[in-house]
Amino acid sequence: MGSETRAKPRSFQEVILRLQEYWGRQGCAVMQPYDMEVGAGTFHPATTLRSLGSLPWAAAYVQPSRRPTDGRYGENPNRLQHYYQYQVLIKPSPPDFQALYLGSLEAIGIDMGLHDIRFVEDDWESPTLGAWGLGWEVWCDGMEVSQFTYFQQVGGHDCHPVSGELTYGLERLAMYVLGIDHVMEMPYNDPDAPIPLSYGDVFRQTEEEYSRWNFDVAETGTLLRHFEDAEAECARILAAPAEDPKTGKRIVMAHPAYDQCIKASHIFNLLDARGVISVTERQAYIGRVRALAKMCADAFVQTDAGGRAA
Amino acid sequence: MPDLLLELFSEEIPARMQARAAADLKARVTDGLVEAGLTYAGAVAHSTPRRLALSVQGLLAESPTVREERKGPRVDAPEKALEGFLRATGLTKDQLDIRDDKKGQVYFAAIEKPGRPAAEIVAEVVEQVVRHFPWPKSMRWGTGSLRWVRPLHSILCILTDDAGAETVDLEIDGLRAGDVTAGHRFMAPSHFSVTNFDDYEAKLKRAKVILSAEERADHIWVEAHNMAFAQGLEVVEDKALLAEVAGLVEWPVVLMGDIGAAFLDLPPEVLQTSMKEHQKFFSVRNPKTGQIEKFVTVANRETADDGATILAGNHKVLAARLSDAKFFWENDLRTVREIGLEGMAAGLETVTFHSKLGSQGDRIKRISTLAREIAPLVGAKPDLAAEAARVVKADLQSEMVDEFPELQGIMGRYYAEAAGHDDGVPEACEEHYKPLGPGDDVPTGPVSVTVALADKIDMLTGFWAIDEKPTGSKDPFALRRAALGVIRLMLENAVRANLSAVFVKGYAGADADDLLAFFHDRLKVHLRDEGIRHDVIDACIGMPGNDDLVLLVRRAEALATFLKTDDGENLTQGFKRANNILTDEERKDGVEYSFGPDAKLAEAAEEKALFGALDAAEARIAPALAAEDFAAAMSAMADLRQPIDAFFEAVVVNAENQILRRNRLNLLHRIREICLKVADLRRIEG
């Protein structure tokens, strides 16, 4: 096992800090959140794009994630339209990945000798990213604490080598470790700090504001236009010739194009929350975002980071 | 006689795949061994979340030597033929025999394949099986290319005989087989070596792994039962859940906990669904009240605190889930008491059903109108059916169903009762989705049947109108299931109706004939499962009133029974003979012989008798058909068998005399005409 069980953390941020420290110690590049609105940590290019190609990779980071339809005005004990995921991606997946993962639970104070940890089948699929993998949801005493996935395909490309991906729902995990029943009551910083702040102090108001905007106020006409703009821009970026006329260098703009894919995906989620997308249209929109993701993946594997030289 | 022990040790195998994988492992390995000449006395396979194991007892120590003789070319055949034969057999010319054959002197080759040691064969077979294992879904990991259900960590493969155990020399994608395995992931993770199956099973048990899934399931069930019994309660039996849970643990530890007084008044379906689907808990019921009072969860380990932490954690998760459920339940009840179920359903106006078919609200209006039309056919009151149709989908707007979609319909029933509906309306909320598949029950209450039919017919006519029909394997709106549902609802409740007329009252613009043809296809599939041949159904689909499914099926059943009799089969042959001759001659002559035969022109006694028999049969068939008594009609038709056979024995249809010929063809036409009133025997095969 990776390490001995440590004393329990006392705050949300301590859970995060311990994960950062643990995965940093395991050799991951501890990265920062991506500066765009995404539905899950998987969308971060450090996962989506870096899981492609042959080059090794190891990264861990917190990613704020937005799921507009999950907004509950800050009233639901577990549901938020904005929450945090902790994401780990290691390529190739190490042989002791499960043991490393269990070590991370010990690092945040879960005693393996007292708890019941289970790996329960849960295959992961992201129709918008053209990605899928096999793995589990990890249960601790009957509660799902993480998603554990071996990526098989991303952006329509077979993954060679295969990346191992971990996703921790940070609020839920921290609530469990800290013994808190309502997310808004969770200590955000140390409860003995001069200015103790709860999760609610930090986020209750924004949950309320965004819930209202997501469900009732967001201008759907504008959003639809933004969706189409992002879609067009993505294609336009990738249509540019690989050789940059100014520098004379080969510069495939996979990341800027992928930003547009992320944007389109988030706008689709907003439109969905506004209830203006029908069941059949839904599939069509998802297909459009997937087409962008595939184009970006195709472009990325033509870059150095995508293993072109290798 | 060595024994083989094989263990494939991996990361956690999905519970639902384990039993099948163990069976596949056993079948594939033993088949491979036998094919290579290694017979065996017995084999048994096991599975746990982390391992597939196979024990094969009494293997041959080596495969028997096989001698094969192959015949080659003739001695005087071209040199090329001999060269080819030598290449194929791997022999030289002087190793061949020459023998006399019917055609002259021929080369023969005697090829001897020496036996091979078991270890060599086992290594080959195991590698083949591992590389081509039939997992429903498999994956790669790390940098390798091997596929397994989850990463494969080690292979234990030993052959044991009186002299001891020998590790089979085998390596697959860098995994070298050994004699080592590991115990329970948390309780006894260290590695240990084993010498044979008994040793393996015993050491595993000491290392907190029960190898047999059956033993784990039995243990769970007995423990759970005893714990519940001790408190005067009973565990709600659920074999699928038991099998699944036994596949999630290597060392089952059964724990029982309280649901909590605050949640005991939730509907039992809510408790059970929440506990089973999300937590894989068993429900524990008080047999006196029928209430679910406790739960049983199965942990994968023992702990120093006897499971107290684990149980507390599970409690907490359950309490969070049930708090949600209770919150939804109370909100929903308040809603239906304040604004009624129709009020709850109002929100469906803004939910798109399909971009071309409008909102769920539009659909409810259509179903309600259609239900009014269908009600008299089923014996339901039209007003009541329309009332039910307006509220059966309301629970889709409830918070509970939003959270637990699998409770749709069931919650509708509770909320309808709470809103004061009665007279079969609450039942219709639950039952109008039925039947969900070939094995599902069909509702019988008139309101339920009416709304169930209206719901499905609206779907079918709607998707037909916008031309979104199922194609090949694609049926995204489950229209085949909907059509089968209509078929079963009508047949099992003997609902008499002309479907074409009902379709016209459904969504406007559907091609009713095409939709009816789709129903006939589904009906064929359904009746085939009931043992009625497709050609028998085809013979009845061609008849009038074929959009009345009850009538259609009665005719098909009567025909199927009829065809099983001697008379039925022979009459069909006689009919076909008459029909074939007539069709040929009509084609040649370019006329239809439908003028009616003249009895005065009949010559032979057999011909005269046939005239009489046809008159008699026709006189019986018409009233029988009018009374929908197909058995009687067919029995009347059966009486034609002997006269028709006799006629063909005695009479030449295509007589020289054209007057006689035409009269006889007109007579055959009468046979055809009369028989075709009962069923289209032209469609019967054979």
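Me: What counts as a helix or a strand here, and how many of each does chain A have?

Reply: Helices and strands are DSSP runs, of at least four residues for a helix and at least two for a strand. In this predicted model, chain A has eight helices and nine strands.

Me: How do I judge the overall build of chain A?

Reply: Set the radius of gyration against the globule rule. For chain A the radius is 20 Å, and the rule gives 19 Å for 310 residues, so chain A is as compact as a globular protein of that length. Its C-alpha trace spans about 60 × 50 × 40 Å along the principal axes. Buried residues account for 47% of the chain. Of the contacts in chain A between residues at least 6 apart in sequence, 69% join residues at least 24 apart.

Me: What does chain B contain, and how does its radius of gyration stand against the globule rule?

Reply: Chain B holds 24 helices and 18 strands. Its radius of gyration is 36 Å, well over the 26 Å from the globule rule for 686 residues, so chain B is more spread out than a compact globule. The C-alpha trace spans about 105 × 100 × 45 Å along its principal axes. Buried residues make up 42% of chain B. Of its contacts between residues at least 6 apart in sequence, 66% join residues at least 24 apart.

Me: Now the interface. How many residues does each chain bring to the contact?

Reply: Chain A gives 31 residues and chain B gives 31 residues. On the chain A side, β4 (117-121), β6 (131-140), β7 (143-154) and α8 (279-300) each supply at least two residues. The most comes from β4(A), with four. By class, this side of chain A has 15 nonpolar, 10 polar and six charged residues.

Me: On to helix pairs. Which two values describe a packed pair?

Reply: The angle between the axes and the distance between the axes. Take α17 (residues 512-529) and α18 (residues 534-541) of chain B. They pack at about 140°, with axes 9 Å apart.

Me: Why are α17(B) and α18(B) called oblique?

Reply: The cut-off for roughly antiparallel is over 145 degrees. At an angle of about 140°, α17(B) and α18(B) are therefore oblique to each other. The crossing of α17(B) past α18(B) is right-handed.

Me: Which residues meet where α17(B) packs on α18(B)?

Reply: From α17(B) come His520(B), Leu523(B), Lys524(B), Leu527(B) and Arg528(B); from α18(B) come His534(B), Ile537(B) and Ile541(B). By class, this contact of α17(B) with α18(B) has four nonpolar, two polar and two charged residues.

Me: Why look at residue spacing along a helix?

Reply: An α-helix has 3.6 residues a turn, so residues three or four places apart point the same way. In α18(B), the contact residues are His534(B), Ile537(B) and Ile541(B).

Me: Which residues of α18(B) are buried, and what covers them?

Reply: Val536(B), Ile537(B), Ala539(B), Cys540(B) and Ile541(B) are buried. Their cover includes α17 and α19 (549-563) of chain B.

Me: Why does Ile537(B) count as buried?

Reply: Burial is a neighbour count. Ile537(B) has 25 C-beta neighbours inside 10 Å, so Ile537(B) counts as buried. Leaving aside neighbours within four places in sequence, Ile537(B) is in contact with Leu523(B), Lys524(B), Leu527(B), Ile532(B) and Ala556(B). Ile537(B) and Leu552(B) lie 15 residues apart in sequence and 8.2 Å apart in space, C-alpha to C-alpha.

Me: What about a partly exposed residue, Pro45(A)?

Reply: Pro45(A) sits in helix α2 (residues 45-48) of chain A. The cut-off for buried is 20 or more. With 19 C-beta neighbours inside 10 Å, Pro45(A) counts as partly exposed. Beyond four places in sequence, Pro45(A) is in contact with Tyr34(A), Arg50(A), His255(A) and Tyr258(A).

Me: One more helix pair. How do α20(B) and α24(B) pack, and which way do they cross?

Reply: Helix α20 (residues 566-589) and helix α24 (residues 658-678) of chain B pack at about 125°, with axes 9 Å apart. They are therefore oblique to each other. The crossing of α20(B) and α24(B) is left-handed.

Me: Which residues of α20(B) and α24(B) meet?

Reply: Phe575(B), Ala578(B), Asn579(B), Ile581(B), Leu582(B) and Glu585(B) of α20(B) meet Leu665(B), Leu668(B), His669(B), Ile671(B), Arg672(B) and Cys675(B) of α24(B). The contact of α20(B) with α24(B) divides into eight nonpolar, two polar and two charged residues.

Note on methods:
Residues numbered from 1 in each chain as written. Chains lettered and ligands numbered in written order. Predicted model: local features only at pLDDT ≥ 70, side-chain atom pairs only at ≥ 80, totals over all residues. Axes fitted to C-alpha atoms, helices over the stretch in contact; angles between N-to-C directions. Parallel < 35°, antiparallel > 145°, perpendicular 65-115°, else oblique. Left-handed = near helix turned anticlockwise from the far one by under 90°. Contact = placed C-beta atoms within 7 Å. Nonpolar A, V, L, I, M, F, W, Y, C, P; charged D, E, K, R; others polar. Rg over C-alpha atoms; globule rule 2.2 N^0.38 Å. Buried ≥ 20, exposed ≤ 12 C-beta atoms within 10 Å, placed from the backbone.
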